[in-house]
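Trainee: Hello! I am new to this structure and would like a close look at a single part of it. Could you take me through one spot step by step?

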Amino acid sequence: MNKPRIVVTVNGDGTVSAETLDILGDRCLDYIAVLEDLIGGKVQSSAFTDDYTRQHHTAQEQQVNRDVDPA
């Protein structure tokens with residue numbers, strides 16, 4: 001698993017965009033307030049990345065691996 005990251009971009013028009021990377025599931029939502037504090041603004045729009053649903057797949061894979069005898 002990669003280290004969780006947040007990529008923040010300040011655009012030429014002064015707007016700021018941010019994307020969370022390798023922050024799985026709804027934990028990414030915790031960073032909205034952190035980002036708002038950092039930039040002194042409010043989120044205008046947001047969307048889930050593929051990482052939002054990746055947590056569910058990982059949990060299912062772990063369950064499958066526990067059910068398999070490694071011998």
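Trainee: Is Asp-22 buried or exposed, and what is its relative accessible area? Please start there and show me what surrounds that residue.

Mentor: Happy to. Please keep in mind that this is a predicted model. Asp-22 is buried, because its relative accessible area is 8% and the cut-off for buried is under 20%.

Let's place this residue first. The protein has 2 helices and 2 strands, and along the sequence they come in the pattern β-β-α-α. Asp-22 sits in the loop between β2 and α1. Of the 71 residues in the protein, 13% are buried, and Asp-22 is buried too.

Now look at the backbone. The phi angle of Asp-22 is near 60°, a positive value in a residue other than glycine. For comparison, most residues other than glycine have a negative phi.

Next comes the side chain. Side chains of opposite charge can pair when their charged atoms come close. The count for this structure comes to 4 salt bridges, and Asp-22 can be followed through two partners here, beginning with Arg-5. The side chains of Asp-22 and Arg-5 meet in a salt bridge, with 3.5 Å from N to O. Arg-5 belongs to strand β1 and Asp-22 to the loop between β2 and α1, so this pair ties together parts that are 17 residues apart in sequence. Arg-5 itself is partly exposed, with a relative accessible area of 43%.

The other partner is Arg-54. In its salt bridge with Asp-22, the closest N and O atoms are 2.8 Å apart. Arg-54 lies in helix α2 while Asp-22 lies in the loop between β2 and α1, so the pair ties together parts that are 32 residues apart in sequence. Arg-54 is partly exposed, at a relative accessible area of 32%.

From Arg-54 we can step along to Asp-51. The side chains of Arg-54 and Asp-51 also meet in a salt bridge, at 3.3 Å from N to O. Both residues are in helix α2, and because they are 3 residues apart there, about one helical turn separates them. If you put these pairs together, salt bridges that share partners join Arg-5, Asp-22, Asp-51 and Arg-54 into one network.

Asp-51 deserves a pause of its own. Asp-51 is in helix α2, which covers residues 51-67. Like the residue you asked about, Asp-51 falls in the buried class, with a relative accessible area of 11%. The side chain of Asp-51 also reaches back to your starting point: the backbone nitrogen of Asp-22 is 2.7 Å away from it. Asp-22 is therefore linked to helix α2 through its backbone nitrogen, which the Asp-51 side chain reaches, and through its side chain, which forms a salt bridge with Arg-54 of that helix. Setting aside residues up to four places away in sequence, Asp-51 touches Thr-20, Leu-21, Asp-22, Ile-23, Leu-24 and Gly-25.

Let's step back along the chain to strand β2, which spans residues 16-21. One of its residues is Ala-18, which is partly exposed, with a relative accessible area of 44%. Leaving aside neighbours within four places in sequence, Ala-18 is in contact with Ile-6, Val-7, Val-8 and Leu-35. The C-alpha atom of Ala-18 is 9.3 Å from that of Ser-46, a residue 28 places away along the chain.

Two of those contacts of Ala-18, Ile-6 and Val-8, lead us to the surface. Ile-6, Val-8, Val-10, Val-16, Val-34, Leu-38 and Ile-39 make a nonpolar surface patch of about 600 Å². The elements giving two or more residues to this patch are β1 (5-10) and α1 (30-39). Val-34, for example, is found in helix α1 and is partly exposed, with a relative accessible area of 41%.

Finally, here is the whole protein as a setting for your residue. The accessible surface comes to about 5,900 Å², with 51% of it belonging to carbon and sulfur atoms. Among contacts between residues at least 6 apart in sequence, 36% join residues at least 24 apart. So, to return to your question: Asp-22 is buried at 8% relative accessible area, and it shares a salt-bridge network with Arg-5, Asp-51 and Arg-54.

Conventions: Residues numbered from 1 in each chain as written. Predicted model: local features only at pLDDT ≥ 70, side-chain atom pairs only at ≥ 80, totals over all residues. Heavy atoms only, no water. Helix = DSSP H or I, 4+ residues; strand = E, 2+ residues; numbered from the N terminus. Buried < 20%, exposed > 50% of the residue type's maximum accessible area, 1.4 Å probe, protein only. Contact = heavy atoms within 4.5 Å. Areas by Shrake-Rupley, 256 points an atom, 1.4 Å probe, with all protein chains shown as cover. Patch = residues over 30% accessible without salt bridge, like charges linked within 9 Å, V, L, I, M, F, W, Y side chains within 5 Å. Polar contact = N/O pair within 3.5 Å; in protein donor to acceptor, adjacent residues only side chain to side chain.
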